[in-house]
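Subject: Structure handover

Hi,

Here is the structure I promised to pass on. Have a look at it first, then read on.

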Amino acid sequence: MVTLAEVAQHAGVSASTVSYVLSGKRSISANTRQRVERSIRELGYHPNAGARALASSRSNIIALMIPLRTDMYVPVMMEIAIAVATAARTHGYDVLLLTGEEGPDAVRRVTGSGLADGMILMDVELDDERLPLLRATDQPSVLIGLPADTTGLTCVDLDFRATGALCVEHLAKQGHHDIAVIGEAPAVYERHTGFAERTLDGLRTRSRELGVRLLHRPCEGGYDAMAVTLARILDERPDTSGIIVQNESAVEPLLALLRQQGRAVPEDVSVVAICPDQVATQASVRLTSVAIPAQEMGRHAVEQLFAKFEGRGSDEVVLLAPELTVRGSTGPAPTRP
């Protein structure tokens, strides 16, 4: 392992000069800095993380709290996590991934141990138990998600309320008056998870404004659960001609069941999905959809956190505007005899 002293000897400077170049604590001439940086590259020197943390009171680590629950679509969560890690590396930071369902205990562990310089929290609930601890600590944090009360917090999210409204508007313009919503698993609503609740609020509010009948049914996903849910919807609302899906695991089972029943998409039933573009474009019918901007959300969260590190950040809510892409799964409502 290359030492700091060996870098200093190679660059023809003192060890303290190398230390100052690494820490930035003193002004070093451009020529000397370039010489030291060249020696660091050529020798492959990596500062000892523990020593650097002691010297700078920084760990150069971000804690990302991302509970991996069975009722959530993990690929989206991991895409956000990868975006966070990639953006953090551009700042010279690594990411500590906390995937358990520890809630407040995990926040206490991070803030009390110095494990990380800041936190990014995902899977945010409307009345999240972690929030009082975040408000009480000086450690910088950012939420990817929106709680009911954002006071004293920095949040980044897709505008899910506007997303729900946009889906209803699209179907209403096509003449659909009976719309069913196939939602996330029941446990997601029981936890009052922010994105699901806000989407539902947008769906219901815009439906009332447009005079559209809306029926919401949670679904576990998978073929069997989808079969039960779809049968229930069509029994309660047989004139349903538009379906909005906010459940990636239910997309392909829904399309398969509609085919089996002889219901053509979009001639008989129009389908809109709130999902990643990859899910929408690789489905058996290319779906009209509102994409989940996972990478953009991850990048925004990191930039907000580093603004706080540098003393220029403030508590704010950043909502990304939804974009609906029309594909082959939506069309005019069928004419009823």
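Below are my notes on a sheet, the helices packed on it, the nonpolar cores and one arginine.

Keep in mind that this is a predicted model.

Let's start with the sheet. It is open, has six strands in the order 7-6-8-9-10-12, and its pairing is mixed. The edges are taken by strand 7 (213–218) and strand 12 (324–325); each has a single partner strand, so one side of each lacks a neighbour in the sheet. At the strand 12 end, strand 10 (residues 288–290) runs antiparallel to strand 12, and two bridges join them. Serine 289 has threonine 325 in strand 12 as its bridge partner.

Two helices are worth finding next. Helix 8 (residues 160–173) packs on the sheet and touches strand 6 (178–183), strand 8 (242–245), strand 9 (270–274), strand 10 and strand 12. Its direction makes about 165 degrees with that of strand 9. Helix 11 (residues 223–236) also packs on the sheet, touching strand 6, strand 7 and strand 8, with its direction at about 155 degrees to that of strand 7.

Now for strand 6. Why can it be called largely enclosed by the rest of the structure? Six of its six residues are buried, so the rest of the structure largely encloses it. Asp178, Ala180 and Ile182 point one way, while Ile179, Val181 and Gly183 point the other way. That fits the general pattern: in a regular strand, side chains alternate between the two faces of the sheet. Strand 6 pairs with strand 7 in the parallel sense over six bridges, and it is joined to strand 8, also parallel, by four bridges. Alanine 180 shows both pairings: its bridge partner in strand 7 is leucine 215, and it stands opposite isoleucine 243 in strand 8.

On to the cores. The largest nonpolar core has 47 residues, and Ile80, Ile120, Ile144 and Ile244 touch the most other members. Leaving aside neighbours within four places in sequence, isoleucine 244 has contacts that include Cys167, Val168 and Leu171, along with Ile179, Val181, Val272 and Ile274. There is also a second, separate core of 25 residues, with Met226, Ile233, Val251 and Leu258 among them.

Finally, the arginine. Arginine 237 sits in the loop between helix 11 and strand 8. It is buried yet has no salt bridge. Which side chain of opposite charge is nearest to arginine 237? That is aspartate 178, 4.3 Å away. Not counting residues up to four places away in sequence, arginine 237 touches Asp178, Arg213, Leu214 and Leu215.

Cheers

Definitions and conventions
Residues are numbered from 1 along each chain as its sequence is written. This is a predicted model: local features need pLDDT of at least 70, side-chain atom pairs count only at pLDDT 80 or more; totals for chains, interfaces and linings use all residues. Side-chain values use heavy atoms; hydrogens and water are left out. Two strands pair if DSSP finds at least two bridges between them. Contact means heavy atoms within 4.5 Å. Axes are lines fitted to C-alpha atoms, for helices over the stretch in contact, and angles run from 0 to 180 degrees between N-to-C directions. Buried means under 20% relative accessible area, exposed over 50%, partly exposed in between (1.4 Å probe, protein chains only). Lys and Arg count as positive and Asp and Glu as negative; His and the chain ends are not counted. A salt bridge is a side-chain nitrogen of Lys or Arg within 4 Å of a carboxyl oxygen of Asp or Glu. A nonpolar core is a set of buried Ala, Val, Leu, Ile, Met, Phe, Trp, Tyr and Cys residues joined through side-chain atoms within 4.5 Å.
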